[in-house]
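Hello,

Here is the structure I said I would pass on to you. Please have a look at it first, and then read my notes below.

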Amino acid sequence: MIGRLNHVAIAVRDIAAASALYRDTLGADVSAAVPQAEHGVTTVFVTLPNTKIEFLEPLGENSPIAKFLERNPDGGIHHICYEVDDILTARDQLKATGARVLGSGDPKIGAHGKPVLFLHPKDFNGTLVELEQA
């Protein structure tokens with residue numbers, strides 16, 4: 001069902017500092033920061049030869065990333081994202097096996113302009129999993 005690893009998301013308090021660290025210290029290709037108001041975050045993508053790293057900075061007090069940073073003051077890995085060919089088929093297969101889809105279960109448009117869903121971390125070894133339609 002799952003395909004390519006699309007990205008690993010890291011929650012950060014200061015997206016500019018995280019971007020500078022990866023760009024200036026590691027020599028990475030770092031995108032501009034993009035506010036994603038519908039998700040309550042600002043995102044930056046670090047492009048690697050085989051995947052991407054996504055930095056997530058809270059956008060507003062109600063951001064799910066703000067809550068994550070309250071529990072993890074130094075930041076850290078927030079989720080991993082896998083590509084799937086058909087997000088609705090993947091959702092239905094997962095739900096049939098007892099996996100929990102967060103929210104309404106209906107895909108939302110993610111940072112790449114494609115449908116995404118999140119799966120409950122308790123069902124995936126403590127890891128929040130995002131599925132993105134390829």
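I began with the strands. Strand 1, covering residues 2–11, pairs with strand 6, residues 76–84, in the antiparallel sense, and seven bridges hold that pairing. If you want a spot to start from, Ala-9 stands opposite His-79 of strand 6. Please keep in mind throughout that this is a predicted model.

Strand 6 has another partner in strand 9 (residues 129–133): these two run parallel and are joined by five bridges. Here Glu-83 is the residue that stands opposite Glu-132 in strand 9.

Just past that pairing there is a loop residue to look at. Asp-85 sits in the loop between strand 6 and helix 3. Its C-alpha atom is separated by 8.5 Å from that of Glu-132, although their positions lie 47 residues apart along the chain. Leaving out residues up to four places away in sequence, Asp-85 touches Gln-133 and Ala-134. Is Asp-85 buried or exposed? With a relative accessible area of 71%, Asp-85 is exposed, because the cut-off for that class is over 50%.

Now to the charged side chains. As a general point, side chains of opposite charge can pair when their charged atoms come close. The count of salt bridges in this model comes to five, and I will describe some of them.

Arg-91 is one to click on. Arg-91 forms a salt bridge with Asp-92, where the closest N and O atoms are 3.0 Å apart. Arg-91 also forms a salt bridge with Asp-106, with 3.8 Å between the closest N and O atoms. Arg-91 belongs to helix 3 (residues 87–96) while Asp-106 is in the loop between helix 3 and strand 7 (108–109), so this pair ties together parts that are 15 residues apart in sequence. Arg-91, Asp-92 and Asp-106 are thus linked in a network of salt bridges.

How accessible are the members of that network? Arg-91 is buried, at a relative accessible area of 14%. Asp-92 is partly exposed at 43%, and Asp-106 also counts as partly exposed, with 48% relative accessibility.

Another salt bridge links Arg-23 and Asp-24, and the closest N and O atoms there are 3.3 Å apart. Arg-23 is partly exposed, with a relative accessible area of 41%, whereas Asp-24 is exposed at 56%.

For a look at a buried position, go to Thr-42 in strand 4, which spans residues 41–47. The relative accessible area of Thr-42 is 9%, which makes this residue buried because the limit for that class is under 20%. Which residues surround Thr-42, if we leave aside its neighbours within four places in sequence? Thr-42 is in contact with Ile-15, with Ala-33, Val-34, Pro-35 and Gln-36, with Phe-55, Leu-56 and Glu-57, and with Leu-59.

Finally, a backbone detail. Most residues other than glycine have a negative phi. Asn-125 has a positive value, with phi near 55 degrees. Asn-125 is found in the loop between strand 8 (115–119) and strand 9, and at 79% relative accessibility this residue counts as exposed.

That is what I have for now. Do write back if you would like to go through any of it together.

Best wishes

Terms used: Residues numbered from 1 in each chain as written. Predicted model: local features only at pLDDT ≥ 70, side-chain atom pairs only at ≥ 80, totals over all residues. Heavy atoms only, no water. Helix = DSSP H or I, 4+ residues; strand = E, 2+ residues; numbered from the N terminus. Buried < 20%, exposed > 50% of the residue type's maximum accessible area, 1.4 Å probe, protein only. Contact = heavy atoms within 4.5 Å. Pairing = 2+ DSSP bridges. Salt bridge = Lys/Arg side-chain N within 4 Å of Asp/Glu carboxyl O.
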